[in-house]
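Student: I should like to learn how to read some features of a protein model. May we begin with the backbone and then turn to the ligand?

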Amino acid sequence: MLDYYNNIVILTGAGLSAESGLSTFRDKDGVWTRHDLAEVATPEGFARNPDMVQDFYNARRKQVVEAKPNAAHKALARLEKKHPGEVLTVTQNVDVLHEAAGTAKLIHMHGQLDQALCTHCDARHGWSDDITTATPCPGCGECAGMRPDVVWFGEMPYQMDDIYEALSRCDLFISIGTSGSVYPAAGFVMEAKRARARTVELNLEPSEGASLFTESIRGPATEVVPQYVERLLSA
Ligand code: BJW
């Protein structure tokens, strides 16, 4: 029976989905070694070359649609189901593998690739096909305004108030498979420490903020996450 940690906040990054076949960003062979982030992941890059940015996300959307959740996603869904207190999962990932594994209380702070956003009417629509610069919005009908519903550098991540509220109440903060190099997510560990939470990092390599965590567990997510979840559930 788990009775010590009432409120758990979990932050996940690209390393969680690496073993589902989706590239991370900053590792060797990561997305940013093949693409210039200033060109594909900023509003300015999109304004300069919308077709190229749409192509980049159309290709990634196809990979995301085909990917399957791995043992780590499934273990986190099991934790949410079995834990008697609150579990909030905040993901930086734009894939939808947490949902596919069964996680229900989930925030996609950097958006999700299975949605498109209309820059004319601000409506979001579920999306599995390609988007082009001529794609009309299914809501308002305007053309040339659809973009992937993802958060680029310089844009405000989603549901920040909800995230900070949960961090202010958490007693366990778990960071999994993120390099800790992108803010505001990289600062969540400090928010959790301010709330006097225990902070645990699960990662293949030490992240940029590794020294800030109470405990660090090294290894591939599909091994260390299920082990850690079992440890929590049997505590
Ligand atoms: C494994 C594994 C395995 C591998 N098992 N582990 C100067 C100082 C401070 C901040 C700034 C600054 N200048 C600009 C900023 C702000 C900027 C920022 O942080 N820039 C940094 C580069 C410094 N941030 C922003 O602009 C954000 N907005 C913002 O700040 O708004 C203002 C604001 C202020 C205050 C409060 C709130 C808001 C927006 C950031 C948007 C990021 N967008 C992207 C692209 C999304 C769309 C897409 O997918 O294309 O999000 S960038 C990319 O990085 C993506 C990711 O979500 C994000 C984080 O990457 P992640 O997940 O950590 O992946 P990696 O590759 O970096 O790491 C993988 C890890 O996994 C590694 O550690 C591996 O070891 C590990 N691993 N295999 C376990 N099998």
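Student: Which loop holds Pro184?

Tutor: In this predicted model, Pro184 belongs to the loop that runs between β7 (172-176) and α9 (188-194).

Student: What kind of peptide bond joins Tyr183 and Pro184?

Tutor: The general idea comes first: most peptide bonds are trans, and most residues other than glycine have a negative phi. Here the bond between Tyr183 and Pro184 is cis, with omega at about 5°.

Student: What is the phi of Asp122, and where is Asp122 found?

Tutor: Asp122 is not a glycine, but its phi is positive, near 65°. Asp122 lies in the loop between β4 (111-118) and β5 (124-126).

Student: Where does the ligand sit?

Tutor: The ligand occupies the largest pocket. Two elements each give two or more residues to the shell around the ligand, namely α1 (14-17) and α5 (50-66).

Student: Which domains supply the shell?

Tutor: Domain 1 (1-22 + 69-110 + 157-235) and domain 2 (23-66 + 112-150) each contribute at least three residues to the shell.

Student: Which residues come nearest to the ligand, and how does the shell divide by character?

Tutor: There are 36 residues around the ligand, and Phe25, Arg60, Thr178, Ser179 and Tyr183 come nearest. By character, the shell has 18 nonpolar, twelve polar and six charged residues.

Student: Which polar backbone atoms should I examine beside the ligand?

Tutor: Consider the ligand oxygen atoms: one is 2.8 Å from a polar backbone atom of Ala14, and a backbone N or O atom of Gly15 is 3.5 Å from an oxygen atom of the ligand. For nitrogen, a ligand atom lies 2.9 Å from a backbone N or O atom of Ala221.

Student: How much of the ligand does the protein bury?

Tutor: The ligand exposes 1,500 Å² when taken alone, and the protein buries 76% of that area.

Notes. Residues are numbered from 1 along each chain as its sequence is written. This is a predicted model: local features need pLDDT of at least 70, side-chain atom pairs count only at pLDDT 80 or more; totals for chains, interfaces and linings use all residues. Side-chain values use heavy atoms; hydrogens and water are left out. A residue is near a molecule or strand if one of its heavy atoms lies within 4 Å of it. A polar contact is a pair of N or O atoms within 3.5 Å; within protein, one must be able to donate a hydrogen and the other to accept it, and residues adjacent in sequence count only if both atoms are side-chain atoms. Accessible areas come from the Shrake-Rupley method with a 1.4 Å probe; for residues, only the protein chains shown count as cover. On a 1 Å grid over the protein atoms alone, a cavity is a set of points where a 1.4 Å probe fits but cannot get out, and a pocket is an open set with protein on both sides within 12 Å along at least five of seven lines; lining residues have an atom within 4 Å of a point. A molecule sits in a cavity or pocket if more than half of its atoms lie within 2 Å of its grid points. Helices (H or I, at least four residues) and strands (E, at least two) are DSSP runs, numbered from the N terminus. Ala, Val, Leu, Ile, Met, Phe, Trp, Tyr, Cys and Pro count as nonpolar, Asp, Glu, Lys and Arg as charged, and the others, Gly among them, as polar. Domain bounds come from an automatic or database domain assignment.
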